[in-house]
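Trainee: I am new to this structure and would like a close look at a single part of it.

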Amino acid sequence: MVLVARGRHAEVLAAAGMTLRTPDGTFHVPVTAVIAPEEVRLTERDVLVFTTKTQQLDAALQQWVDQPVHRGDGRTGTAGELLPVLTALNGVAAEEKALRYFRRVFGVCVWLPAVHLEPGEVIARSWPVVGQFHIGRWPASAGTATDAQLLAELGECWGAAGIRVRFPDDVVPWKYNKLLSNLGNAVGALAADAADVSDVVAALRAEAEDVLHRAGIGYVSFETSSKARADGPTVRPVPGCNVGASNSTWQSLSRHTGNVETDFLNGEIVRIAHRHGITAPVNAALARAARGAAGNGVALNSYSAESLRNLLGLNVVNER
């Protein structure tokens with residue numbers, strides 16, 4: 001396996017490997033890391049797994065799509081023509097983006113409670129089961145027998161690494177389930193640590209479920225997904241690591257990346273609403289607040305529950 005990284009993270013991985021902090025101890029793992037596709041000799045046996053944030057995906061896809069792939073018969077093709085691509089990202093936009101460039105795209109619904117804040121270091125909050133993936137061809141109708149063989153091999157390989165891998169007939173409803181569960185990410189990043197914002201998250205999800213219903217988009221119920229996760233990752237404390245509400249948006253703001261994926265989470269609900277002639281004002285307001293926080297360096301967990309409700313217009317709604 002080859003990891004592709006950027007900046008200081010890539011430098012640390014290449015020089016010292018990965019530091020993996022878990023509830024059961026800290027491990028130092030040697031890895032092969034590069035910063036550009038030109039450093040890798042691709043063959044037909046390779047699989048590309050994209051794990052960027054959605055707002056960073058287009059650049060990564062364009063970087064890899066035309067890279068040469070060496071075939072067993074001595075000829076070469078391109079990655080876009082020959083290699084399967086897995087999009088292990090939140091939201092539901094990544095797969096359609098990938099299809100512009102790659103012929104064989106597999107969506108991955110990721111449940112993996114891990115944190116990346118420091119170069120070369122990952123905090124795995126569940127161990128030895130580190131995560132659960134639901135994976136399927138995107139769209140499901142494009143699946144082939146070759147795809148089934150690939151997925152079986154991935155299941156065996158990643159299963160040995162502590163990931164529970166599942167292969168639903170159609171991964172799309174699972175991705176929409178995860179989208180709904182991620183709508184509160186920006187809330188967790190903005191709200192004060194001790195704030196009770198469960199009603200805010202409930203309002204975001206209720207609005208989103210109504211939008212999906214009006215758009216005729218189905219999703220796996222939370223009852224079903226909760227049952228499916230019973231044998232999946234279980235979060236436990238990691239010694240020496242106080243990472244708080246460490247969802248992906250919180251991590252982006254912690255690292256001061258200048259951008260967050262909220263436009264492809266809450267913003268996706270807004271897009272679907274607009275596509276069908278309706279609005280999603282609560283999700284739109286949160287997306288706007290997250291953009292402002294990322295661009296202006298707003299401190300993490302700086303909003304009281306009351307100020308967050310006011311920001312999203314929920315107190316006004318409740319008074320009617």
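Trainee: Does Trp111 count as buried or exposed, and at what relative accessibility?

Mentor: This is a predicted model, in which local features need pLDDT of at least 70 and side-chain atom pairs count only at pLDDT 80 or more, while totals for chains, interfaces and linings use all residues. Residues are numbered from 1 along each chain as its sequence is written, and side-chain values use heavy atoms, with hydrogens and water left out.

Trp111 has 4% relative accessibility, so Trp111 counts as buried (buried is under 20% relative accessible area, exposed over 50%, partly exposed in between, with a 1.4 Å probe and protein chains only). The whole structure holds four aromatic pairs (rings of Phe, Tyr and Trp, the last by its six-membered ring, with centres within 6.5 Å; planes under 30 degrees apart are stacked, over 60 edge-to-face, the rest tilted). In one of them, Trp111 meets Trp174 edge-to-face, with 6.1 Å centre to centre and 85° between the planes. Because Trp111 belongs to strand β10 (residues 104–111) and Trp174 to helix α6 (residues 172–182), this pair ties together parts that are 63 residues apart in sequence (helices are DSSP runs of H or I, at least four residues, and strands runs of E, at least two, numbered from the N terminus). Trp174 is also buried, at 11% relative accessibility.

Trp111 is also a member of a nonpolar core of 23 residues, which includes Ala94, Trp138 and Val220 (such a core is a set of buried Ala, Val, Leu, Ile, Met, Phe, Trp, Tyr and Cys residues joined through side-chain atoms within 4.5 Å). The largest nonpolar core has 38 residues, and Val187, Val200 and Ile269 touch the most other members. Helix α12 gives the most to this largest core, seven residues.
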